[in-house]
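Visitor: I am new to this structure, and I would like to be taken through it slowly. Could you show it to me before we begin?

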Amino acid sequence: FRELAEKFLSGYVEIRLKRSSRIDYNQVCRNHLIPFFGDRHVSSITASDVQELIRKKLDDGLSPRTVNKIITILGKAFNHGIKWGLVEKNPVQNVDRPRQEQKEMDFLSPEEIRKLYDACDPYFLPLLLCAICTGMRQGELLALVWDDIDFEQRRLRITKSFSCGHLTGPKSFRSRRIVLMTPVLSRVLAELKAWTDGQPDELVFPGNDGGHMSPYVLLGHLEKALKAAGLRYITWHSLRHTYAALMISLGENIVFISRQLGHSSISTTIDLYGHLLPEASAGVGERLDELIFGIQTEIYHKGMPE
C-alpha cells in the first residue's frame, strides 16, 4: 500500500490538484493511511479492514467529517490503482461511513450587519463590507487587485485566490467569475483606492508589509470587530453564508446566487441553502388563478346550477 500511496501522490495529486489540496492529501496519506496500511499488500485489504480504520480514527477522537475525508482519499487512491492496473478492486466501495451531523449554519441579520459596520475599524471596514456584499471566499478577497475592479459597471473580476501562502487559480472552473457590487460597496472601495493611491497591479486588501494579508490577521480583525459590536463569534465563512441568506431573502433567482458565489453547480447551492428558500407551493393556487383569469377570480365563480 505504501507504494500505491506514493504513486498516487506523485502521479495524480502533485500533477492535478491545487497546492492546498496537495497539502491536504499528503497529510492524510502520511499521517493516517500509510501508518495503518503501509506494508499490507493492496490485494489483501478488505472492506472489513477499512471499517476497522474508521473505528480506530473515531476512537482517536477524529470527527466523522475528518474520517470521511480520510476514507474518500483512500478510495481515490484505490481507484487510481485500478486505473493503472495495480489493483483489481476498491475495498472502500462497501464500507459504512460514519454519519455526519449537519452543522447549523450561522449568518448575520441586517441589524447585526449594521452594528458590525458601526463598530468596525475604518481600516478593516472595506474588506468586511466586500465579504458581506459579494459572498467572495477569503482567498479570493486576499488575492484581489485594483485592476480586477470595474467601478463604472460596478463589477469585480475573480480570477485567482490566495491560499497557503501562494496565489492559485480559483477553486473550480465556475469560481472564475464576475461578481456585482452594491452602490455602497462601490463607493467605499473607490474611496479606499483614492486614499491609498492604489495602482492596477496592487492588492486591494494588503497586509501591513504591502504583501498578502495573513488569514490569521484577517480573523483577528473580524474577532475584534464582533467583540466591539457586542456580537457572537462567527467564522469568516459565515460572512459568505450571510450574503447567500440575504440574497435568498430578497427573492433573487437561485441560479444567479449560485453564479455569484462561484459554486461548481447549482445543486451545491441548493444543498447548502435550500432550507432557506421559501416554500415553493405557497400561494401557487392564487397565482395559477391569476395567470388563467388575469382579474379578480370571484367573477368567474358562477356557482353550481340550480
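Guide: What follows is a set of questions and answers on a cavity and on some helix packings in this model, which is predicted.

Visitor: How many cavities of 30 Å³ or more does a search of the whole structure find, and about how much space lies in the largest cavity?

Guide: The search covered the whole structure and finds one cavity of 30 Å³ or more. The space that lies in the largest cavity is about 30 Å³.

Visitor: Which helix gives the most to the lining of the largest cavity?

Guide: The largest cavity is lined by Ile113, Tyr117, Leu125, Leu128, Leu129 and Ile132. At least two lining residues come from each of helix 5 (110-119) and helix 6 (125-134). With four residues, the one that gives the most is helix 6.

Visitor: How do the residues of that lining divide into nonpolar, polar and charged?

Guide: The names to sort are Ile113, Tyr117, Leu125, Leu128, Leu129 and Ile132, and Tyr counts as nonpolar along with Leu and Ile. The lining therefore divides into no charged, no polar and six nonpolar residues.

Visitor: How are helix 6 and helix 8 directed relative to each other?

Guide: Helix 6 packs against helix 8 (residues 183-196) with the axes 10 Å apart and at an angle of about 150°. Angles over 145 degrees count as roughly antiparallel, and the two helices, whose crossing is left-handed, are therefore roughly antiparallel.

Visitor: Which residues of helix 8 are met by helix 6, and what classes make up the contact?

Guide: From helix 6 come Pro126, Leu129, Cys130, Cys133 and Thr134, and they meet Val184, Leu185, Val188, Leu189 and Leu192 of helix 8. By class, this contact of helix 6 with helix 8 holds no charged residues, one polar and nine nonpolar.

Visitor: What is the handedness of the crossing of helix 10 and helix 11, and which residues make the contact?

Guide: Helix 10 (residues 237-249) and helix 11 (residues 254-261) have axes 10 Å apart at an angle of about 160°, and they are therefore roughly antiparallel. Their crossing is right-handed. Helix 10 brings Arg240, Tyr243, Ala244, Met247 and Ile248 to the contact, while helix 11 brings Phe256, Ile257, Gln260 and Leu261.

Visitor: Are helix 2 and helix 4 roughly parallel or roughly perpendicular to each other?

Guide: The axes of helix 2 (residues 19-37) and helix 4 (residues 64-83) come within 10 Å, and they cross at roughly 85°. Angles of 65 to 115 degrees count as roughly perpendicular, so helix 2 and helix 4 are roughly perpendicular.

Visitor: How many charged residues are in the contact of helix 2 with helix 4?

Guide: Helix 2 offers Asp24, Tyr25, Val28, Cys29, His32, Leu33 and Phe37, which meet Lys69, Ile70, Ile73, Leu74 and Lys76 in helix 4. Divided by class, the residues of this contact are eight nonpolar, one polar and, for the charged ones, three.

Conventions. Residues are numbered from 1 along each chain as its sequence is written. This is a predicted model: local features need pLDDT of at least 70, side-chain atom pairs count only at pLDDT 80 or more; totals for chains, interfaces and linings use all residues. Side-chain values use heavy atoms; hydrogens and water are left out. On a 1 Å grid over the protein atoms alone, a cavity is a set of points where a 1.4 Å probe fits but cannot get out, and a pocket is an open set with protein on both sides within 12 Å along at least five of seven lines; lining residues have an atom within 4 Å of a point. Grid points are joined across faces, edges and corners, and a volume is the space filled by probe spheres set on the points. Axes are lines fitted to C-alpha atoms, for helices over the stretch in contact, and angles run from 0 to 180 degrees between N-to-C directions. Angles under 35 degrees count as roughly parallel, over 145 as roughly antiparallel, 65 to 115 as roughly perpendicular and the rest as oblique. A crossing is left-handed if the near helix is turned anticlockwise from the far one by less than a right angle, and right-handed if clockwise. Contact means heavy atoms within 4.5 Å.
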